[in-house]
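Subject: Structure for your review

Dear colleague,

Please find below the structure that I am handing over to you. I would be grateful if you could keep it open while reading the notes that come after it.

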Amino acid sequence: SYNGESQLKVLIGFMRLVCSNGLMIGENTYAKQVRHVKGQKLNEFLDSFSVSVLEALSDVDNQVNLLNSLQHQQISLSDVLKIVADFEADKVITKKAAMSVRWTYETNSFRRPADHAQSGTVYGLWNVLNEELRTTRTKRTTEGTLVEKNITLLDHVINAVDQLKVAS
């Protein structure tokens, strides 16, 4: 607004939503708002804006590179089953989702050919975990609850895989 009635809001990041299975990831790397009126606050915002945007775009690139690397990072069936058991115990995923993920991996019964092709990767595990959280949800599970579990799911998977590396 030219007269300061509304704020300038700038958000940089990325959100990946895949409607066929609900897989999502989101990362807000930069979020600022400032009243659009002359003064020191606006000047400080504009002075730091280009540097902040470049840093935020670099963070987005890092996230995209991470996802690409996870598509090539192999994971064994025994490691998948250990992670699923740990996630169930720690309530990262529901008991019902854990049972479904185990059944999917143990019987090699993936829903789509792409899921089967990625099943031996960390990315594939994340994808299946996410999908089973969605498909096994109950009527009491709200969209908000599902999104909250989903937002932290990738970090949980990466941490679990890293712990397995340290343990071996």
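The notes below describe the fold, the nonpolar core, two pockets and two loop residues.

Please bear in mind throughout that this is a predicted model.

Overall fold

The protein chain contains six helices and two strands. Followed along the sequence, these elements give the pattern β-β-α-α-α-α-α-α, with the two strands ahead of the helices. Of the 168 residues in the protein chain, 35% are buried. Among the contacts with a separation of 6 or more, 64% are made by residues 24 or more positions apart. The protein chain has an accessible surface of about 10,400 Å², and carbon and sulfur atoms account for 54% of that surface.

The nonpolar core

The largest nonpolar core has 29 residues. Within this core, the residues touching the most other members are Ile83, Phe87, Ile93, Leu125, Leu129, Leb153 and Val157. Please read the sixth name in that list as Leu153; the spelling above is my slip. Two or more residues each are given to this core by helix H1 (40-70), helix H2 (77-89), helix H3 (95-107), helix H5 (122-135) and helix H6 (143-167). The most comes from H6, which gives eight residues.

Val157 may serve as an example of how this core is put together. Which residues is Val157 in contact with, once its neighbours within four places in sequence are left aside? They are Phe87, Val122, Leu125, Trp126 and Leu129. Of these, Phe87, Leu125 and Leu129 are, like Val157, among the residues that touch the most other core members.

The two pockets

The largest pocket has a volume of about 190 Å³. Its lining is formed by Lys82, Ile83, Asp86, Phe87, Asp90, Val92, His156, Asn159, Ala160, Gln163, Leu164 and Ala167. H2 and H6 each supply at least two of these residues, and the largest share, six residues, is from H6. Sorted by class, this lining has six nonpolar, three polar and three charged residues. Ile83 and Phe87, which you will recall from the core, also appear in this lining.

The second largest pocket has a volume of about 150 Å³. The residues lining this pocket are Thr94, Lys95, Lys96, Leu133, Thr136, Arg137, Thr138, Thr141, Thr145, Leu146 and Lys149. The elements giving two or more residues to this lining are H3 and H6. Here, too, H6 provides the largest share, with three residues. By class, the lining of the second largest pocket has two nonpolar, five polar and four charged residues.

Two loop residues

Two residues deserve a separate look for their backbone angles. Lys91 is not a glycine, yet its phi is positive, at about 65 degrees. This residue lies in the loop between H2 and H3. Is Lys91 buried or exposed? Lys91 counts as exposed because its relative accessibility is 66%, and the cut-off for exposed is over 50%.

Asn108 likewise has a positive phi, of about 55 degrees, although it is not a glycine. Its place is in the loop between H3 and helix H4 (113-117). Asn108 has a relative accessible area of 44%, so it is classed as partly exposed; that class lies between the limits of 20% for buried and 50% for exposed.

With kind regards

Key. Residues are numbered from 1 along each chain as its sequence is written. This is a predicted model: local features need pLDDT of at least 70, side-chain atom pairs count only at pLDDT 80 or more; totals for chains, interfaces and linings use all residues. Side-chain values use heavy atoms; hydrogens and water are left out. A nonpolar core is a set of buried Ala, Val, Leu, Ile, Met, Phe, Trp, Tyr and Cys residues joined through side-chain atoms within 4.5 Å. Buried means under 20% relative accessible area, exposed over 50%, partly exposed in between (1.4 Å probe, protein chains only). Helices (H or I, at least four residues) and strands (E, at least two) are DSSP runs, numbered from the N terminus. Contact means heavy atoms within 4.5 Å. Accessible areas come from the Shrake-Rupley method with a 1.4 Å probe; for residues, only the protein chains shown count as cover. On a 1 Å grid over the protein atoms alone, a cavity is a set of points where a 1.4 Å probe fits but cannot get out, and a pocket is an open set with protein on both sides within 12 Å along at least five of seven lines; lining residues have an atom within 4 Å of a point. Grid points are joined across faces, edges and corners, and a volume is the space filled by probe spheres set on the points. Ala, Val, Leu, Ile, Met, Phe, Trp, Tyr, Cys and Pro count as nonpolar, Asp, Glu, Lys and Arg as charged, and the others, Gly among them, as polar.
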